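Work through the exercises below with the structure open. Try each task before reading its solution.

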Amino acid sequence: MVHKKILHGLDGSKGSFNALEEAIELAKRYGAELHTVSVEEVPHYPGTVGEVIEAKHAANGKFGQAMQQAKDMAKQAGIDLHCHVFTGHEVKTIVEFVKEKGFDLLVIGFMGHSALYDRLMGSTCQGLARLAPCAVLVVK
Amino acid sequence: MLESPWLIAALWIGLALLASMISIRVGISVALIEIIVGVVAGNAIPWVGSLFSTQAKLETTPWINFLASFGAILLTFLAGAEIEPDVLRKHWKPSLAIGFVSFLAPFLGVMAAAYYLLHWSAQASMIAGVALSTTSVAVVYAVMLETGLNKRDIGKLILASCFVTDLGTVLALGVMFANYNWWLALFLGVSAVIMPFAPRLTQRFLRRYEGQVSEPEIKLLLLMLFVLGGLAAAANSEAVLPAYILGLVVAGVLRHHKETVYHIRVAVFALLTPFYFLKAGALISANAIAQGALVILLLLLVKVAAKFVGVYPTAKLFKMDNRVSMYTTLLMSTGLTFGTISAMFGLNHFDAQGHSLINSDQYSALVVVVIASAVVPTLIAQKWFQPQHELLEENGNGA
């Protein structure tokens, strides 16, 4: 299967950078377009607007650094990287973005939570693998 | 029973730390988690104590009560200061209409239900009306950010309407139970002098002192809050009333000084609001929730139904389609901070006979309804009535 439009989920974690290495390799091999998507999650049911604004600021800073690092990695490999940032629910937003832009491969890093956490809160990897309308590669 | 204030403080801050960690892990606001941790600690500590035949409880001391009240006042001030005056000006007609009915309909509906169906006292019914008339600007704002609607006119209109509703709530709280005496006259007189000058004075302090480590500009704001709050309290009114109005008055100035607002937020979230939200939760009785489940359900239904009666037709009147009108109505049915502040006011204030305006069971029911109203209408709105929108990028170099 030849992939022409690859989306990588960038959350700044070590796992997501491992996945980015893989996504860059695939983009080089297939001559595909490579994009990253980062989703800022704001706290649900906040008590004050300030709580939301500060959470968003913190996420902006974190993703700013991560995007710069990702662009440097792609540049070294001779790949043009397009970065996108949204606010919202991680799984829902990424799935919508995949549909909207017609990506044919989603590459994400594995994020290990405890079994209890995954059971209670659901894992992002599982959610994306189940709902994304394209092939999904989870890199461990 | 703990006697050392340091150990009592350690227990409360330990709970606040736990709440912060849980909040970050699960992505739910620290305010809500602090309330839940407060409920658990407030009910579990006496239960554990009873197993060892000792009387243990989550201690509330005068200084904890002060820090909690101080937290509520600053939360209200920040809520007022977070408004965008230009948005309110641009959408003043529909936001005033929607915000006003969003306050009035549930206020009257819940008050009537509490008085006639639950046979609460007149004063307890009024507190119920005020506590459940609120709308959570913060919950609505978070939803708007997630959907990108905060950048569109409809989102700005809904947010402006929420501010009007909250203004109705603090006015009701400040006016309904006040003693109409000389203290009230003095409070109104001093407010009339301070409020018009507050923006200019604050601006002057910010220009001259912003960036100084001793933060004179924040101390000026605190001075105004304490003077006005003290006079309001002396008149048996509520200190959150002048705090919200002062916030509204200086909002236009503070929006250009984000660093100062950030410093206030850090102090508030780290030191004050944990005491407020933990206390709000600790005062909830688990028994009262179990025994009052039907009361809680009834009050929640009446609150949401009254919001529908008021907000939905008003939204239609301003040419919103069915889906957007439903979405607006559901989001304006949310509540959290101002609802808990109103319920706490009822528990801490006394009538002429020395009885608190609401009892512990009524307080528990009201706060649980407030929390449920933060969650249930939001979920329904996002699941079934979210207006169509495209994903809006924050930044990046998206192609």
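**Exercise 1. A loop residue with an unusual phi**

Task: Decide whether B:Glu215 is buried, partly exposed or exposed, then place it in chain B and find the sign of its phi.

Solution. This is a predicted model.
- Step 1. Count the neighbours. B:Glu215 has 18 C-beta neighbours inside 10 Å. Buried needs 20 or more, and exposed needs 12 or fewer. B:Glu215 therefore counts as partly exposed.
- Step 2. Locate the residue. B:Glu215 sits in the loop between H9 and H10 of chain B.
- Step 3. Read the backbone. The phi of B:Glu215 is positive, near 50 degrees, and the residue is not a glycine. Most residues other than glycine have a negative phi.

**Exercise 2. A second positive phi**

Task: Find where A:Tyr45 lies, and say whether it is buried or exposed.

Solution.
- Step 1. A:Tyr45 belongs to the loop between strand E2 (33-40) and H2 of chain A.
- Step 2. Its phi is positive, about 55 degrees, although A:Tyr45 is not a glycine.
- Step 3. A:Tyr45 has 21 C-beta neighbours inside 10 Å, so it counts as buried.

**Exercise 3. A bent helix**

Task: Find where helix H9 of chain B bends, and what covers its buried residues.

Solution.
- Step 1. H9(B) runs over residues 182-209. The bend is about 50 degrees and falls at B:Ala198.
- Step 2. Look just past the bend. A proline, B:Pro199, follows within four residues.
- Step 3. List the buried residues of H9(B). They are B:Phe187, B:Ser191, B:Ala198, B:Thr202 and B:Leu206. The bend residue, B:Ala198, is one of these buried residues.
- Step 4. Recall the helix geometry. An α-helix has 3.6 residues a turn, so residues three or four places apart point the same way.
- Step 5. Find the cover. It includes helix H10 (216-234), helix H11 (240-254) and helix H12 (258-282) of chain B.
- Step 6. Check what comes after the helix. H9(B) is followed by B:Gly211, with a positive phi near 100 degrees.

**Exercise 4. An enclosed helix and an exposed residue**

Task: Work out how many residues of helix H7 of chain B are buried, then contrast the helix with B:Ala122.

Solution.
- Step 1. H7(B) covers residues 137-147, and 11 of its 11 residues are buried. The helix is therefore largely enclosed by the rest of the structure.
- Step 2. Scan the buried residues. Among them are B:Val137, B:Tyr141, B:Met144, B:Glu146 and B:Thr147.
- Step 3. Go past the helix. B:Gly148 follows H7(B) and has a positive phi, near 80 degrees.
- Step 4. Turn to B:Ala122, in helix H6 (residues 122-131) of chain B. B:Ala122 has 11 other C-beta atoms within 10 Å, so it is exposed.

**Exercise 5. Two packed helices**

Task: Describe how H8 and H11 of chain B pack.

Solution.
- Step 1. Take the angle and the distance. H8(B), residues 153-176, packs on H11(B) at about 145 degrees, with the axes 8 Å apart.
- Step 2. Get the handedness. The crossing of H8(B) past H11(B) is left-handed.
- Step 3. Name the residues. H8(B) brings B:Leu167, B:Val170, B:Leu171, B:Leu173 and B:Gly174. H11(B) meets them with B:Val240, B:Leu241 and B:Tyr244.
- Step 4. Sort them. The contact has 7 nonpolar residues, 1 polar and no charged.

**Exercise 6. The chains and their contact**

Task: Describe the make-up of each chain, then the contact of chain A with chain B.

Solution.
- Step 1. Chain A has 5 helices and 5 strands. Along the sequence, its pattern is β-α-β-α-β-α-β-α-α-β. The radius of gyration of chain A is 15 Å, close to the 14 Å given by the globule rule for 140 residues, so chain A is as compact as a globular protein of that length.
- Step 2. Chain B has 17 helices and 0 strands. Its radius of gyration is 21 Å, close to the 21 Å given by the globule rule for 399 residues, so chain B is as compact as a globular protein of that length.
- Step 3. Compare burial. Buried residues make up 44% of chain A and 51% of chain B.
- Step 4. Count the contact. Chain A gives 28 residues and chain B gives 33. On chain A, helix H2 (49-76), strand E3 (81-87) and helix H3 (90-101) each supply at least two. The chain A side divides into 12 nonpolar, 10 polar and 6 charged residues.

Key: Residues are numbered from 1 along each chain as its sequence is written. Chains are lettered from A and ligands numbered from 1 in the order in which they are written. This is a predicted model: local features need pLDDT of at least 70, side-chain atom pairs count only at pLDDT 80 or more; totals for chains, interfaces and linings use all residues. The bend at a residue is the angle between axes fitted to the seven residues ending there and the seven starting there. Two residues are in contact if their C-beta atoms, placed from the backbone, lie within 7 Å. The radius of gyration is taken over C-alpha atoms; the globule rule is 2.2 Å times the number of residues to the power 0.38. Ala, Val, Leu, Ile, Met, Phe, Trp, Tyr, Cys and Pro count as nonpolar, Asp, Glu, Lys and Arg as charged, and the others, Gly among them, as polar. Axes are lines fitted to C-alpha atoms, for helices over the stretch in contact, and angles run from 0 to 180 degrees between N-to-C directions. A crossing is left-handed if the near helix is turned anticlockwise from the far one by less than a right angle, and right-handed if clockwise.
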